[in-house]
Amino acid sequence: MRILKLQKKDLFPLLKVISREAELWAPTAKGDKFAYGRVLDFSRIAMDAVRTIIPPKKIMVPSLFNMFNFTEKGYQEDLSHVTDRILFGIHPCDIHGLLILDKLFSQAYLDPYYLEPRKKTLILGLSCLPDAYCFCKSTHTDIIEEGYDLFFTDLESYFLVWIGSSRGDDLIRLAPDFFDDKLTEKDIQTYTKWQEKRDNAFKTTVNFTRMPDLMELNYKAPFWEEVGAACLACGSCSMVCPTCNCYNVVDKLFLGNKPGKRLRHWDSCTLPEYSEVAGGENFREHKSQRLKLWYTHKLQAYVSKYGKPSCVGCGRCLVTCPVQIHVKSVADALEGHPVEAFWKKFAQEVSK
Amino acid sequence: MPKDKLKIGIYELTGCAGDALLIVDCEEELVNIFTAASIEAFLMAKSDNRHGELDVALVEGSVSTEKEKEELLDIRKRARVVVAIGGCACVGGPQAAFLDKKEWEKNLKKVYGNIEFSHSRPLQSKPIDAYIKVDCYLPGCPIGKAQFLSTFARMVNGNPPELFRFPVCVECKWHENDCLLNKDILCLGPLTLAGCGSVCPNFNVPCFGCWGPTEEANRTSEYYLLREKGFDTEVIKNRMANYSGTRITEFFEQFRKEKR
């Protein structure tokens, strides 16, 4: 691993050189929020984007896409979403999110629809400062040790650039003149100060080491009924979660002898039909049961399999759930702390 | 694919005929529609309508007269599969919304006076599943072309329809829209069936609920949430009632019970 210095003014010229190699994707403004998109005009890159509405999983597995076209004679795979990409501006939490998806999509059956675009995507991370909803320090996903090709730490007038892979090194070699490999004592001090500033900037914390036990102990806790009663079953928590990966597959047919399409779309275990089986039986008929499953997966089951939670602390569920059922409020309820969330107020209101 | 073409009938009860019109409006696919199946009856599109056995009956509109009720019972007897198409057939439409029996009788008298109905006795408007077993619901006011065509294509190929049962929010997030409800806008996305492609929120317009309610629509929670955001009770009720037909009646009854 090497660390180089890049002056801010040289960022766009660098992106210009490397984007000849592949499509450049980065966060851009969408209303007062942000979304990853292909960038041709670098001034549109939102360098201050704390989080995008949807995590970068959408680049690897689009929300709705065609897996293959089929006729009575056979099928033809459609990998049109697979292309060479450079993903710039991705923060450590979202890189961790991809590392978790890597595990989930390469278990017994390798998933080419995720793994192919993933292989073809270069990860150019960017440092960030947390807002009030970030809690990646609690999930230990605030720093990144693997899973990037280059990582840019923003130190006001210049970047320190970590080279994390040989492919990242290849990118540097396309424009070596932009980089300076002589770091001074002052650079190190500036970086250390920046790290301290970032560490002290977190407002939201969750004690994840307690969560597996608390999930078990609270399995029959009455608050699950409360979250279930308030839940709108809108599925948004899963859609915006960087590690939610469930999908459904449907065949779309057309009239007039056109080939059919086997479509794949994001799904959520919080939706009623998810646990429904043939004959109409539903293993998790109530929202409280479905939410418990969601949180078991995030806070407990993944920990017992991989040694860490499958939550990366990105804060998306905190800013997205209209009734504030999210990792922070559920963790507070699990710990027996007072919960400030709509779902709690709703429970008190309807019990009046 | 089934050997013989499916025999399909398309019927209209009380409604604006918007769903039948939408089928006629599928211009570039009309030839395919009429060649893929044997369209036995479709009053809006053809004159030689036959009233025999059917594989599938597509029924639009709610039941609002005795005669329509008899027609519907007859369709059910003749058809293997009955598909409710559009908000009126699925949930009753605006004409079935939020009126108890006494109120309805009062309104009928107010509009028509004390007259003897010669043609057919009026009934309080209800969705078709108030009288018959419905095998599939194709929602929308009116139904959407893409969803109708793919449902139709599945049926003529011998496959049951496969429709989204989750709310608009799922498709809305697929389009990476910022949640309008979180911006304190009265959006019915969480209560409304998907399948429209979240077309309104994609253009920053809140969901008005035109595809009707999901099975699990949590009106109580959204009602309290909207109250907390400062919306007036009547405004919320009226918006929720627009496309919910008789489904909203159950909600208001349950709501009254909860309030007691």
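## Charges over aromatic rings

A charge is said to sit over a ring if NZ of Lys or CZ of Arg is within 6 Å of the ring centre and within 35 degrees of the ring normal. In this predicted model, the charged end of Lys57(A) is placed in this way over the ring of Trp266(A), at 4.6 Å from the ring centre. A further example is Lys292(A), which lies over the face of Tyr219(A) at a distance of 4.1 Å from the centre of the ring.

## Aromatic pairs and a cluster

Over all chains, the structure holds 24 aromatic pairs. One of them joins Phe68(A) and Tyr75(A): the ring centres are 4.8 Å apart and the planes stand at 45 degrees, so the pair is classed as tilted. Phe68(A) counts as buried because its relative accessibility is 14%, and the limit for that class is under 20%. Its partner Tyr75(A) has a relative accessible area of 60% and is exposed, because that class begins over 50%.

Phe135(A) and Phe208(A) form an aromatic pair of the stacked kind, with 6.1 Å from centre to centre and 5 degrees between the planes. Phe135(A) belongs to the loop between strand E7 (121-126) and strand E8 (150-155) of chain A, and Phe208(A) to the loop between helix H6 (185-199) and helix H7 (211-217) of chain A; the pair therefore ties together parts that are 73 residues apart in sequence. Both Phe135(A) and Phe208(A) are buried. Elsewhere in chain A, one aromatic cluster is formed by Phe223(A), Trp224(A), Trp294(A), Tyr295(A) and Trp343(A).

## Buried residues of chain A

Leu126(A) is part of strand E7 of chain A. With a relative accessible area of 3%, Leu126(A) is buried. Its C-alpha atom is separated by 5.6 Å from that of Ile90(A), although the two residues are 36 residues apart along the chain. When residues up to four places away in sequence are not counted, Leu126(A) touches Met47(A), Gly89(A), Ile90(A), His91(A), Pro92(A), Phe151(A), Phe152(A) and Phe159(A).

Leu160(A) is found in strand E9 (residues 158-163) of chain A. Its relative accessible area is 4%, so Leu160(A) is classed as buried. Between the C-alpha atoms of Leu160(A) and Asp187(A) there are 8.7 Å in space, and the residues are 27 residues apart in sequence. Apart from residues up to four places away in sequence, the residues that Leu160(A) touches include Ile3(A), Leu4(A), Lys5(A), Leu183(A) and Tyr191(A). Phe151(A) and Phe152(A) are among the residues touched by Leu160(A), and they are also among those touched by Leu126(A).

Pro212(A) is located in helix H7 of chain A. Pro212(A) has a relative accessible area of 18% and is buried, because this value falls under 20%. The C-alpha atoms of Pro212(A) and Tyr302(A) are separated by 9.5 Å, while their positions lie 90 residues apart along the chain when counted from one to the other. Leaving aside residues up to four places away in sequence, Pro212(A) touches Leu299(A), Gln300(A) and Val303(A).

## Backbone features

Most residues other than glycine have a negative phi, and most peptide bonds are trans. Against this background, a few places in the model deserve attention. His140(A) has a positive phi, near 60 degrees, and belongs to the loop between E7 and E8 of chain A. With a relative accessible area of 62%, His140(A) is exposed.

Gln324(A) also has a positive phi near 60 degrees. Gln324(A) lies in the loop between helix H11 (316-320) and helix H12 (327-334) of chain A, and its relative accessible area of 32% makes the residue partly exposed. In chain B, the peptide bond that joins Cys141(B) and Pro142(B) is cis, with omega about -5 degrees. Pro142(B) is in the loop between strand E7 (136-138) and helix H6 (145-156) of chain B.

## Two helices of chain B

Helix H8 (residues 219-228) and helix H9 (residues 233-241) of chain B pack at an angle of about 145 degrees, and their axes are 10 Å apart. The crossing of H8(B) and H9(B) is right-handed. To the contact, H8(B) contributes Arg219(B), Glu222(B), Tyr223(B), Leu226(B) and Arg227(B), and H9(B) contributes Thr233(B), Ile236(B) and Met240(B). Of the residues in this contact, four are nonpolar, one is polar and three are charged.

Technical notes: Residues numbered from 1 in each chain as written. Chains lettered and ligands numbered in written order. Predicted model: local features only at pLDDT ≥ 70, side-chain atom pairs only at ≥ 80, totals over all residues. Heavy atoms only, no water. Axes fitted to C-alpha atoms, helices over the stretch in contact; angles between N-to-C directions. Helix = DSSP H or I, 4+ residues; strand = E, 2+ residues; numbered from the N terminus. Left-handed = near helix turned anticlockwise from the far one by under 90°. Contact = heavy atoms within 4.5 Å. Nonpolar A, V, L, I, M, F, W, Y, C, P; charged D, E, K, R; others polar. Phe/Tyr/Trp six-rings, centres within 6.5 Å; stacked < 30°, edge-to-face > 60°. Buried < 20%, exposed > 50% of the residue type's maximum accessible area, 1.4 Å probe, protein only.
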